[in-house]
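Work through the following exercises with the coordinates open beside the text. Each task is followed by a solution that proceeds step by step.

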Protein chains: 4
Amino acid sequence: MITYPRQVHFHEVDAAGLVFFPHFLTWAHEAMEQLFAGLDGGYAGLITARRIGLPAVRVDSQFFSPVLFGEHVEIETTVARLGTRSMDLRYRFRRRSDGVVAAEVRHTVVSTDLVRVVSTDMPADVRAVAEQHLEAPE
Amino acid sequence: MITYPRQVHFHEVDAAGLVFFPHFLTWAHEAMEQLFAGLDGGYAGLITARRIGLPAVRVDSQFFSPVLFGEHVEIETTVARLGTRSMDLRYRFRRRSDGVVAAEVRHTVVSTDLVRVVSTDMPADVRAVAEQHLEAPE
Amino acid sequence: MITYPRQVHFHEVDAAGLVFFPHFLTWAHEAMEQLFAGLDGGYAGLITARRIGLPAVRVDSQFFSPVLFGEHVEIETTVARLGTRSMDLRYRFRRRSDGVVAAEVRHTVVSTDLVRVVSTDMPADVRAVAEQHLEAPE
Amino acid sequence: MITYPRQVHFHEVDAAGLVFFPHFLTWAHEAMEQLFAGLDGGYAGLITARRIGLPAVRVDSQFFSPVLFGEHVEIETTVARLGTRSMDLRYRFRRRSDGVVAAEVRHTVVSTDLVRVVSTDMPADVRAVAEQHLEAPE
């Protein structure tokens, strides 16, 4: 598990005064960028130099409790399932003010050759990072 | 079912050249705003004058096929389930270029008193709109 | 002049309850996409097939009056200056509710070869569209 | 001067592969939130508890050099002008990779009573922060 701290910014709430729910997915993606930051060239190098991407095929999100402007969340990222070409990332959004998990996102990505736009085996270094953060079997 | 046409804008793709997946949820919310546009004062009036909101508690998304800059999608919105205080909206994102459903989102919202931040029975006019677009039982 | 109608969406206001000011620039860009929609392949074709872009080098914005959720604006787009490789677009954001110009943006773009990332003469068809919407000299 | 480090995220580039220019203004606002983070209750407290805001009335931006995905910028924030009810913030966006200032934004804000939506004298603690970062007269 790694933890990505994220502050709620002024523009990330909606007209109801709560964090607009799609932003949780944006933050999840930022947390994934952080997870893979240690790759040679970082996550950006994977995309732009090596032309391998991790597009989403399924994203399931639950929102348990509202998050407001000025709040900080700690995004706890793990790998819930690891296959040859795909994996499920899990993100828990814990409010810093009270420690409550306000939301949880499960994000299935497929290792993809961005030039030919077809799935491809996960590169060894990507897989190694994923293994390091794989959840223990229950 | 109502259909909300949406163009992919220049800034809605990511570094891999595909629509950034959280934007599908933003578009889904825009489609919901359109669904309830006929309320007195529109969806905005519901939120800002009547102080009733429809925050998401669960959102499940599937992405079947990429969507690129310059594409148009038709977002087909229906109500998949209607309860007293909550409902499930379903959005199908159909590419205009080939008619393919590129993504599907199921969005569970709870009728909420935004002043006290507690669930509340769905107002009659909101419910009437939802009933009008309720999917036929299979 | 062309007019691009734009609704303020639920997520486009900030914690102060007003449209977050950078969104006016996003809307300006959407209006520019509409301005050039009639090109062969549209604005998207210019970028992705012909690999010519119009990146901003200067953007000056004035905000005269707030815009709220539920408001509609009419974005009036003209070309204020037309050079060989650059031009200034002007956008006036008129509130539909009262006809007031709530904001004005002046946007200087440079015709750019996106492969070599150097400026290049404006293509003839881009220039023809710009000329059609050029403001009359005062 | 304070410095706000900001990474370019995966979704912040556009179809031309460059940071979408309105995001520089979003980052500027994030830098302003950091500037005022030391207020009692932070910038969020100013907005949501004290109901004082700093809406923009003018924003002038210059873009000198492109910024790409994977880049980091250091946003150097100063106060270029300080009045009784308004001030000009200046942001320089310095690329970490080569030290070049890629963009500069000048942002005029007006101290505003968000309840009555009228300008109001800048609160003493806001002013004290601004004075601390005021540019030396040339």
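## Exercise 1: the contact between chains D and C

Task: Establish how many residues chain D and chain C each bring to their contact, and describe what the side of chain D is made of.

Solution. Begin with the count, bearing in mind that the model is a predicted one: chain D contributes 24 residues to the contact and chain C contributes 24 residues. Next, take the area, where about 2,000 Å² is buried between chain D and chain C, with carbon and sulfur atoms giving 69% of that area. In chain D, the residues that lose the most area to chain C are Phe21(D), Leu25(D) and Phe63(D), which together account for 23% of what that side buries.

Then turn to specific interactions: between chain D and chain C there are zero salt bridges, while four residue pairs, both partners at pLDDT 80 or more, are in polar contact. Assigning the contact residues of chain D to secondary structure, one finds that helix H1 (22-35) and strand S3 (56-63) of chain D each supply at least two residues to the side that touches chain C, and that S3(D) gives the most, with eight residues. Sorted by class, the side of chain D that touches chain C comprises 16 nonpolar, five polar and three charged residues.

## Exercise 2: strands across the D–C contact

Task: Determine in which sense, parallel or antiparallel, strand S3 of chain C and S3(D) pair, and find which residue stands opposite Asp60(C).

Solution. First, follow strand S3 (residues 56-63) of chain C alongside S3(D), where the pairing is antiparallel and extends over five bridges. Second, locate Asp60(C) and look across to S3(D), where the residue standing opposite is Asp60(D).

## Exercise 3: relating chain B to chain A

Task: Find the turn and the shift that lay chain B on chain A, and identify which residue of chain B comes closest to the rotation axis.

Solution. Superposing chain B on chain A gives an RMSD of 0.0 Å, reached by a turn of 180° with a shift of 0.0 Å along the axis. This is therefore the relation of a two-fold axis. Both copies use the same surface, in that 100% of the contact residues of chain B recur in chain A. Among the residues of chain B, Asp60(B) comes closest to the rotation axis, its C-alpha lying at 2.2 Å. Turning to the strands, S3 (residues 56-63) of chain A is joined to S3(B) by five bridges and runs antiparallel to S3(B), and Asp60(A) stands opposite Asp60(B).

To complete the account of this pair, note that chain B and chain A each provide 24 residues to the contact and bury about 2,000 Å² between them, 69% of it on carbon and sulfur atoms. Phe21(B), Leu25(B) and Phe63(B) supply 23% of the area that chain B buries against chain A, more than any other three residues.

## Exercise 4: a sheet within chain A

Task: Give the strand order of the open sheet of three strands in chain A, and state which strands form its edges.

Solution. The order in this sheet is S2-S7-S8, with antiparallel pairing. Its edge strands are S2 (52-53) and S8 (118-119) of chain A, each of which pairs on one side only. Looking at one pairing in detail, two bridges join strand S7 (residues 112-113) of chain A to S8(A) in the antiparallel sense, and Thr112(A) stands opposite Ser119(A).

Notes
Residues numbered from 1 in each chain as written. Chains lettered and ligands numbered in written order. Predicted model: local features only at pLDDT ≥ 70, side-chain atom pairs only at ≥ 80, totals over all residues. Heavy atoms only, no water. Least-squares fit on C-alpha atoms with pLDDT ≥ 70 in both. Contact = heavy atoms within 4.5 Å. Buried area = accessible area lost by both parts, 1.4 Å probe. Salt bridge = Lys/Arg side-chain N within 4 Å of Asp/Glu carboxyl O. Polar contact = N/O pair within 3.5 Å; in protein donor to acceptor, adjacent residues only side chain to side chain. Helix = DSSP H or I, 4+ residues; strand = E, 2+ residues; numbered from the N terminus. Nonpolar A, V, L, I, M, F, W, Y, C, P; charged D, E, K, R; others polar. Pairing = 2+ DSSP bridges.
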